[in-house]
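Visitor: I have a structure open and would like to go through a few of its spots with you. Can we start in a loop and work outwards?

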Amino acid sequence: MKALTLLGSTGSIGTQTLDIVAQNPDKFKLIGLAAGNNVEMLAQQVRQFQPEIVAIRNEEKLPALQEAISDLASQPILLAGEAGIVEVAKYGDAEAVVTGIVGCAGLLPTIAAVEAGKDIALANKETLIAGGAVVNPTIAKHGVKLLPADSEHSAIFQCLQGVPEGGLRRIILTASGGAFRDWPIEKLSEVTVADAITHPNWSMGRKITVDSATLMNKGLEVIEAHYLFGLDYDDIDIVVHPQSIVHSLIELQDTSVLAQLGWPDMRLPLLYALSWPDRIPTDWEPLDLVKAGDLTFCEPDRHKYPCMDLAYAAGRVGGSMTAVLNAANEQAVALFLEEKIQFLDIPRLIEKACDRHQSDNCLQPSLEDILEADRWARKAVLEGSQSSESNFVFQS
């Protein structure tokens, strides 16, 4: 019986994690839950899983949550705000913490969990993208495990099982191509929010679905792969694979290529992160290659997807630049989802923020440097959204 804490319990990652816990009551026990705003769903989760501690990010919703579970005979510890999320992350006897919080908001709770000796099932890629320079040394210091729980990095991790040290030559991340993979570039100026949040293969949250549409999601995964697996950026490639059956590949030193395949289902990488090194039997639909049909691959269009090269450039610069890239993207996507900017403004605003940050980039950032870079980038994007300038000049 593994004791778990789940951060981001009402989001897509959170609800799928809870499905796994519910299907395996003899293997997993829930200790803590943390969510953002959804009182009704969080209250239902508290009733079903009976955690010892619960936090809701929106402090104004705490009274409503207290009322929603007031009839329970056994009351959990109830907390609110950012500090409450951090307390849940480091609480009690949980062996592993699933980080399903979207965006850089997951950084501080993840670090708190690591410092409390918890293993991390990482579904929040922004934690490493913004804070890898701090997170990786903290992981090493406390001797905990960081296990990838998103599809692509789980695929790489699974393929690496049994590969000797030094055997890895190259990582190949697969991308679906997102909502606009079949759109001509000339039509992207007409993109609406409704267009961008409709993914052809995966069921995900709004922000990550927009990231998939810009291919920034894949660029961010390149940076995450660098921190997780230690390869240089020249040895991490992206290939478009519209069917999303091959979830990523590795090339070994002898040119052998290993791949992990499966239906597009986030439960599988989540389950492996929770159960590693074991394999837990499931009743999920097995992959049928005949049913899957043709598997095709092509190079991504770098002109159509400028966010991808922005991510590579930020990663190669390193330091606090990746925190700026991540925060600028989060802010730009938020503005787009609020219909305050156009779809094509997203890469323009990110590039402008990164370009402005080059003279202030901190090559060996502290946690406070990263948090300050995050704050600065969000403000820079808000300021930049008032301008119509557009130049793609940021270079690594």
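Guide: Gladly; this is a predicted model, and a good place to begin is Pro300, which lies in the loop between helix H12 (289-292) and helix H13 (306-317).

Visitor: Is Pro300 buried or exposed?

Guide: Pro300 counts as buried, because its relative accessibility is 8% and the cut-off for buried is under 20%.

Visitor: And what does Pro300 touch, apart from residues up to four places away in sequence?

Guide: Its contacts are Leu215, Ile238, Val239, Val240 and Met308. Pro300 also has a C-alpha to C-alpha distance of 7.7 Å to Gly177, although 123 residues separate the two in sequence.

Visitor: Leu215 was on that list, so what about its phi?

Guide: Leu215 is not a glycine, yet its phi is positive, at about 70°. Most residues other than glycine have a negative phi. Leu215 sits in the loop between helix H9 (206-214) and H10, and with a relative accessibility of 2% it counts as buried.

Visitor: Which other residue that is not a glycine has a positive phi, and how large is the angle?

Guide: Glu339 has a positive phi of about 60°, and its place is in the loop between helix H14 (321-337) and helix H15 (345-357). Glu339 counts as exposed, because its relative accessibility of 62% lies over the 50% cut-off.

Visitor: Switching topic, where does UniProt put a binding site?

Guide: The unreviewed UniProt entry places the feature "binding site" at Lys125, Ser151, Glu152, Ser176, His199, Ser212, Asn217, Lys218 and Glu221. From this set, Ser151 belongs to the lining of the largest cavity.

Visitor: Take Ser176 then; where is it, and what is it in contact with, leaving aside neighbours within four places?

Guide: Ser176 is in the loop between strand S8 (168-175) and helix H8 (193-196), and it is buried, with a relative accessible area of 8%. With those sequence neighbours left aside, Ser176 is in contact with Arg181, His199, Asn201, Ser212, Val240, His241, Pro242 and Ser244; of these, His199 and Ser212 also appear in the UniProt record for the binding site.

Visitor: What does the side chain of Ser176 reach?

Guide: It reaches the backbone nitrogen of Gly178, at 3.0 Å.

Visitor: And where is Asn217, from the same record?

Guide: Asn217 is in helix H10 (residues 216-229) and counts as buried at 8% relative accessibility. Not counting residues up to four places away in sequence, Asn217 touches Lys125, Ile208, Asp211 and Ser212, and the side chains of Asn217 and Lys125 are joined by a polar contact of 3.1 Å.

Visitor: Helix H6 looks odd to me; how far does it span?

Guide: Helix H6 (residues 126-142) spans only 21 Å between its end C-alpha atoms, whereas a straight helix of 17 residues would span 24 Å at 1.5 Å a residue. H6 also has a kink of about 100°, centred on Gly132. Gly132 is itself among the buried residues of H6, which also include Gly131, Val134 and Val135.

Visitor: What follows H6?

Guide: Gly143 follows, and its phi is positive, near 65°.

Visitor: Last one: where is there a cis peptide bond?

Guide: The cis peptide bond joins Trp276 and Pro277, with omega at about 5°, and Pro277 is in the loop between helix H11 (267-275) and H12. Most peptide bonds are trans.

Key:
Residues numbered from 1 in each chain as written. Predicted model: local features only at pLDDT ≥ 70, side-chain atom pairs only at ≥ 80, totals over all residues. Heavy atoms only, no water. UniProt positions renumbered as here; feature names shortened; annotations may be inferred. 1 Å grid on protein atoms, 1.4 Å probe; cavity = no way out; pocket = protein on both sides within 12 Å on 5 of 7 lines; lining within 4 Å. Helix = DSSP H or I, 4+ residues; strand = E, 2+ residues; numbered from the N terminus. Buried < 20%, exposed > 50% of the residue type's maximum accessible area, 1.4 Å probe, protein only. Contact = heavy atoms within 4.5 Å. Polar contact = N/O pair within 3.5 Å; in protein donor to acceptor, adjacent residues only side chain to side chain. Expected span 1.5 Å × (residues − 1). Bend = angle between axes of the 7 residues up to and from the residue.
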